[in-house]
Amino acid sequence: MATLDTPSNSADQVHRPNPRSLTNLTDILSCLSAFQSEEAELSSSLTQLLKDKEPIISSLARLESLIPQLDELQVDAALLSDRVSNTAKTAERVGSRVRSLDEEMGRVREAGDRVGQVMELKASLLALQTSIESQDWESAARHCARAMALPLDVIAGPFAEIAVPTSESHLPPPQTLQAARETLLSVFREKFQEASRARDSNATSRFFKLFPAIGWEDEGLEAYASFVVELVRVRSPASAKSSSPLYYITALTSLFESIAMIVDQHQPVVEKYYGPGKMQNVVRRLLEESDRVTKSLINGWEEDRSMQRKLTEVSNNPPMPLYSSLRRPAEDNAVDPREIDKVLSELAGMLGRWNLFKKFLSESLKGNVGSTNEDGAEAAAIVNEKHSPPVQFDPINSTESNKLFEHLTTIYYIPMEIWYTRTIIDKAHRLSTPDLSQSPVITTAPDDVFYILKSVTARLMTTGSLGAVEKTLQQIREVIDRDYIGVIKRKLDDVYKSQGPAPSGARPDRAERENRNSFIILLNDFDVSTSHLERLIHDLVESSLIPQHFTEESQALVKEQVTGLSSLTNRLKSSLRSGIEQLFNQLLRPKLRNFIPEIFKDISYVLDEDGYSTADYHDLARKRFIKTWESLVDGYKAMIPTNYRLFIGLVLDVLLKPWEKTVMSLKYTELGAVRFDRDLRAIIAYLSSQTTFGDIREKFLRLQQISTLLNLDADEDVDEFYNGSGISWKIGPHEARAIASLKI
């Protein structure tokens, strides 16, 4: 039972003294007590073990009762195992024999299929030879296709080499089939060419659709391409003389339309018999013919229009804007802008025809590049190794014509278009005069310049060239900024810079008025130019020219380039505001220093009833304000409303601070505060009637709130009103208390 000792008991035994060594009664009693305690613990443990023994014995008894049943189950399992083992062995023997039979039947079936295929191959080759001899070409193509449709290992197999050859045709089947295909190819090609020369559409279609049946797709497409190229080649040339501005445009239009018509009409036929994407080969040959004709036409155009000479003249005679440091003798200005305009319109027409043609081809051939027809591919590969599916390529952008038109765009169109735009802008500045028929008055420059810009950008859109749009619009932005906006700014600077001493006897106010009017007219030009530019951008973006001449993928990019011109509107608005501020600071700001003191001179708002009646009768504040205001701004009403609104805003910004300061320096009785409120309202009403300036009342908010505080009842608390009124205050609480203290 020592194994039942607890750890504490073991520890006590380790430290318990030996009873034999005890010498006094106290130690003996203590040791005896320890032994008794240990005895009690051990008795308790043994008792607990005896109690736990009963369930264990019960469980063992139940297990022993199950032994007979388990023995019976073991015997039954052994009997079942013997029976299943015998059945499994029988099934394995039967299954093995069945599998052997299945394999033998599969071989028999495969052999039968192979024999059937070889017999079909032999029958097809015999029927093919018979059809060739009887010139039944449709039957020959059909039998040839049947033979080619058979598996490769059947055609070239050893059994076919023994069974198929006959005394009349002793060659192996692959060679026999290849010889028959080559014979049919030669016959079909000859018959097709004869039908093409005779313009026999039925015979042409008959032999054209036979090529793919015998695996000669590329050769059939090549013959068909030669046929349609000849159709394009024999079309009559344009009857007009080459000196006509429409000669080359008409010639290119006729060429591209004839090719487009062939593609549109013949593509369904080609794809029906040859499969999707097979029109690519025909289009490639048509584009080669197009390259030949286009190159000839462009060379003729360059020679007839003396383009190299014109380009040299344009390069040697750049526009000289106003205020340019460069000067050129008048006799050197030999380039006529009208001649450049003519060749640009002609060149834009030629570029537009080409890009419309490109757009048509891209949309017609979209999704068909690289498609192949795999019918009979294996057999065709063994009998004709050179036969291969078409390779993906870009048939349009890789043409010589595309390179030629890109060359025309870069070398001629863009430099000449920019030269023409700059020249016309410079001419518009030099011929600019005030247009007195307009109200308010502007010069003729904005209308002239933006009329030309509208024509130039519309012509640019008709080219259909994304590259031309990107490069030309980028340079046009620079031209407008430098040669148009920059020149108007120089004119503004020179209005007062070039002003010398007034001639003797001349009235200085007249010279000032003329300079002021000139300055205002130039500011009006800025505002009108902003409106013209915004309308030009909107009209171009919404124009039908973009969807008409550009593909769907390019349209968003073109519109993005056009909207890029809107950066110039910010430049125009910035220059306009700068000019208005210059005019205000130079002419009007000095006169505003004494404006408010003069209005409120001798005016008191410490009024009793008699004083209020007298002030109401004389109405001095309103009358003085109107008189002084009219004398100041009368000469500026020639501004366009938007400019005048901005100008008046600058005037009020300068007036309001001293106005508030003057108001805060006065004292007010109750009637005086009412009088002040009436004066303020009358002045605001007058200013609102003089202009469409929408935020006048907003600018006067602080003064109106001052008037509100001055008109509070004497018993009303300022802080309580300030916090509880719900007004969006522009005045702080300290200012509100200071204003209320002005009342006496």
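This passage describes charged side chains in a predicted model, with attention to salt bridges and to a negative surface patch.

Across the predicted structure, the count of salt bridges comes to 32. One of these joins the side chains of R99 and E92, with an N to O distance of 3.7 Å, and R99 itself is partly exposed, its relative accessible area being 46%.

Two further pairs are placed within helices. In helix α11, which spans residues 307-316, R309 and E313 lie 4 residues apart, about one turn of the helix, and these two side chains form a salt bridge whose closest N and O atoms are 2.9 Å apart. Both partners count as partly exposed, R309 at 44% relative accessibility and E313 at 24%. In helix α12, comprising residues 337-365, E339 and K342 are 3 residues apart and are therefore separated by about one helical turn; the salt bridge between E339 and K342 has its closest N and O atoms 3.9 Å apart. Here E339 is partly exposed at 35% relative accessibility, whereas K342, with a relative accessible area of 56%, is exposed because this value lies over 50%. Beyond such pairs, D616, D619, R622, R675, R678 and D679 are joined into one network by salt bridges that share partners.

A negative surface patch is also present, formed by E670, D713, D715, E716, D717 and E720. Of these residues, E670 is located in helix α25, which covers residues 670-690, and E670 counts as exposed because its relative accessibility of 55% is over the 50% cut-off. Membership of the patch requires that a residue have no salt bridge, so E670 stands apart from the salt-bridged residues described above.

Technical notes. Residues are numbered from 1 along each chain as its sequence is written. This is a predicted model: local features need pLDDT of at least 70, side-chain atom pairs count only at pLDDT 80 or more; totals for chains, interfaces and linings use all residues. Side-chain values use heavy atoms; hydrogens and water are left out. Patches are made of residues with over 30% relative accessible area and no salt bridge: like charges are joined within 9 Å, nonpolar side chains (Val, Leu, Ile, Met, Phe, Trp, Tyr) within 5 Å. Accessible areas come from the Shrake-Rupley method with a 1.4 Å probe; for residues, only the protein chains shown count as cover. A salt bridge is a side-chain nitrogen of Lys or Arg within 4 Å of a carboxyl oxygen of Asp or Glu. Lys and Arg count as positive and Asp and Glu as negative; His and the chain ends are not counted. The place of a charge is taken as NZ of Lys, CZ of Arg, CG of Asp or CD of Glu. Helices (H or I, at least four residues) and strands (E, at least two) are DSSP runs, numbered from the N terminus. Buried means under 20% relative accessible area, exposed over 50%, partly exposed in between (1.4 Å probe, protein chains only).
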